[in-house]
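Okay, thanks everyone, I'll keep this short. Let me put the structure up on the screen, and then we'll walk through a few spots together.

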Amino acid sequence: MFSQSEELLLTLSIGDSLYPKWPQFESLLKDQLLTRSSLLPASDGEPVKAADLSILCGSEKLCKNLSAAGFTNITKLDFSYLIAPDDEFIQNSKVSIEIYENWKLKFADESFDVIVEMGVYDALMLPDVRYTGSGSSYTNAVKRILKTGGKFICITFAEQNALDLLLTKFRFGWKITVHPIPSEELKQQTFMFVVEKDSCASVSLMTFFVDTYSLNSHGDRVAVFFTALFTEQAIRASMLALKTVKQLDLESLKKCEPGRTIELILGEPGDPIFYKAVLVDAEQDPSRPFLHHFAAYIVPITRVDEWLFSNKQGQICAAANSEASRLLIILLDSSHDLNVFDTKTLEAEVTRLAQPLAPRDFPVGDPIMFVNTATIQLKQRDIVYEVTSDLTGPIIVDEVISPKNRYEDNDDLVFRRLIFLKPQAVVQSEALLDVNKVQGASKTRKKKKGKQKISEGSRNPKASSGDRKVNHDYLASTYNVIISGLLLFFPHLQKVSSSTGSPMMETVVIGLGAGLLPMFMKNRLPLKIVVVERDPVVLNIAEQHFGFAQDQRLEVRIDDGIQFVGKKANPVAVHADIVTNISQLHISDGIQEEADSVAGESSRKLDILIVDVNSRDTSDHFRAPSEEFFDDSFLQDVNNSLSDNGLFVVNVLVTSSEVMADIHSVLKGVFGKKIVSFKLEENQHEVIFMVKNEKMMTRFLKNEDFNKAANRCVVSLEKESMQEWITGVKQSIKLMKICLVLGENF
């Protein structure tokens, strides 16, 4: 019995109605084959000749059609265990045949001008144990055996798994153009990907086309496809400034310049994998001579967003701690599977790629010193507070000090961090302290429901910085994206809110952490905010150590977030329960009025709902939030709790692209096309914005409201004093603007 993948490959070999017929894409394909790549040097005017092209073809149908069209230098890729080749065709044409039973394609490097195939990706990415990993093996082989300036032409359904592989594997050093192939006979839309090999690993924006027939005939399918392209385009836009090794002046780089940082892409177009890296020249401390010329940190995906590795001053601090004159920081992402790439292999690969970046004093052939990031010692680290919560487990509040950058007029930077130690150690929040300002005492707290006793915990008497004031204008990278999205949606939300006579928008944030996000939102936006936090210990820490304060516009409810939203979505049931309890307890009229007030509060719809919580169980790929926040019942409650023009925002971090695809599918089932996702770098980390009103999203995408809102936001922020949060938000808005403006093609 053939497997599902083998059946698809078999039908592709003998001809099948799943894919377009030759006349439907003949002209497009021949134009691509006979047009010189824009990545090659300008020619002397000689046209590309069909007979001169060396072509590797993965489909017998295509081989026959190309041969008949005058392309004679063709090598056909065949798989002996599936179907015997057409001997008569092989004998009567100049087509050679290569038989492989695996997908590594052991041709010499840069053997072909063109590689063209139809449906191979679709077959390899089906859930088939026999073909596990074959998609990556096949792609790596294609990248290796294609000539510089050559073209890989792939005709595919571009389902999620195949699309993810194509977009990520061909991100560095490849130019991608996407064409839909119109066909009235096919049930499923097909696309032609034309991928051109560059001479270096630089990132370029994609080009893609939309035709009216494809949109009208396969609207939902095509919409999902182009949403994935827009997300990838935004990632590429954020990487345009990254340098490749070939683009650097390597001779001048041999001299260390203290305080210099360079963001890099490590890898070549034919390599199977690439790395985002930062090269840092350390600042010399006279009291601590350098022990190494060249060192490297390999930073796991769970730590790349920490200040130490994501901020320039943090990177300089990390370089000082490496005790090397030059440090290379390698930032891993979801494409780096350490189950496949063991640590030794990874270090060997980085060593090979980093050799041209070594400083002049680095002896040729010497190994790079790899330093474990867990051993990094900041200038100072103090444990301010420790406590164990029955709900959250062990919690630490610490302070870390970054040494002063002598090339800038600033003091040491002091950060206070909230760290949850279970299920795995994670820096939940990171606050910048104003070292010259003193934290005032917390305001009187409102009485909160909740049975858990708040532990006193333990304080470090030596940590004298406990009274330093938290700078509530400092935002971590994820919060920059959330605030950017709110600012883009805000003009419309504010217009709707004012039309209802309410000056403040009803806002709920599930998850308090250190309280940095809700405090910033209250200070900067006209919102009435309720934060739902299940753990009173976390609230106590936020108030005592992070300057969180409740008032008439910001309050905390100790409750389960999912249950809270359920009550918002079903206020009638809440009122019925209250009335039943009152009648059973024979409560007085005064209490009855208070109960009616509580029920009335539950009935008020939400203008904004934000979910920003960590997962309590990380064994199933979910890091934030937990899987239950994507249950259909919860999402339906979210939809029912929102006002007619309400906005739902969820901060998502998972460790699997398949899980992220499932999340997109579930959200689409409830919110349809009313979803915009902003992906943070190349990791499986997204901030997803959903609106209840489809007309609102359609108007933004078609009438350039997002573009106008983005421009207004950037212009208004330019007028503000240049605080760090403004720089971060402006950058996020510009990147989000690129993603959303592309959405106008819908």
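So, start with helix H6: Ser134, Gly135, Tyr138, Thr139, Ala141, Val142, Lys143 and Ile145 are buried there. And yes, Lys143 is one of the buried ones. Before I go further, keep in mind that this is a predicted model. H6 runs over residues 134-145, so that's twelve residues, given the way helices are assigned here. From its first C-alpha to its last, H6 reaches 16 Å, close to the 16 Å expected at 1.5 Å a residue.

Next stop, helix H9, residues 219-238, where you'll find Glu232. Is Glu232 buried or exposed? It counts as buried, because its relative accessibility is 4% and the cut-off for buried is under 20%. So what does Glu232 touch, if we leave aside its neighbours within four places in sequence? Glu232 is in contact with Leu167, Arg171 and Met206.

Last one, a helix pair. Generally, you describe two packed helices by the angle between their axes and the distance between the axes. Here we have H20, residues 632-641, and H21, residues 657-671, packing at an angle of about 40° with their axes 10 Å apart. That angle makes H20 oblique to H21, and the crossing is right-handed.

Who meets whom? On the H20 side it's Asp632, Leu635, Gln636, Val638 and Asn639, and on the H21 side it's Val666, Leu667, Val670 and Phe671. Sorted by class, that contact has six nonpolar residues, two polar and one charged.

That's my tour, happy to scroll back to any of it.

Technical notes:
Residues numbered from 1 in each chain as written. Predicted model: local features only at pLDDT ≥ 70, side-chain atom pairs only at ≥ 80, totals over all residues. Heavy atoms only, no water. Axes fitted to C-alpha atoms, helices over the stretch in contact; angles between N-to-C directions. Helix = DSSP H or I, 4+ residues; strand = E, 2+ residues; numbered from the N terminus. Parallel < 35°, antiparallel > 145°, perpendicular 65-115°, else oblique. Left-handed = near helix turned anticlockwise from the far one by under 90°. Contact = heavy atoms within 4.5 Å. Nonpolar A, V, L, I, M, F, W, Y, C, P; charged D, E, K, R; others polar. Expected span 1.5 Å × (residues − 1). Buried < 20%, exposed > 50% of the residue type's maximum accessible area, 1.4 Å probe, protein only.
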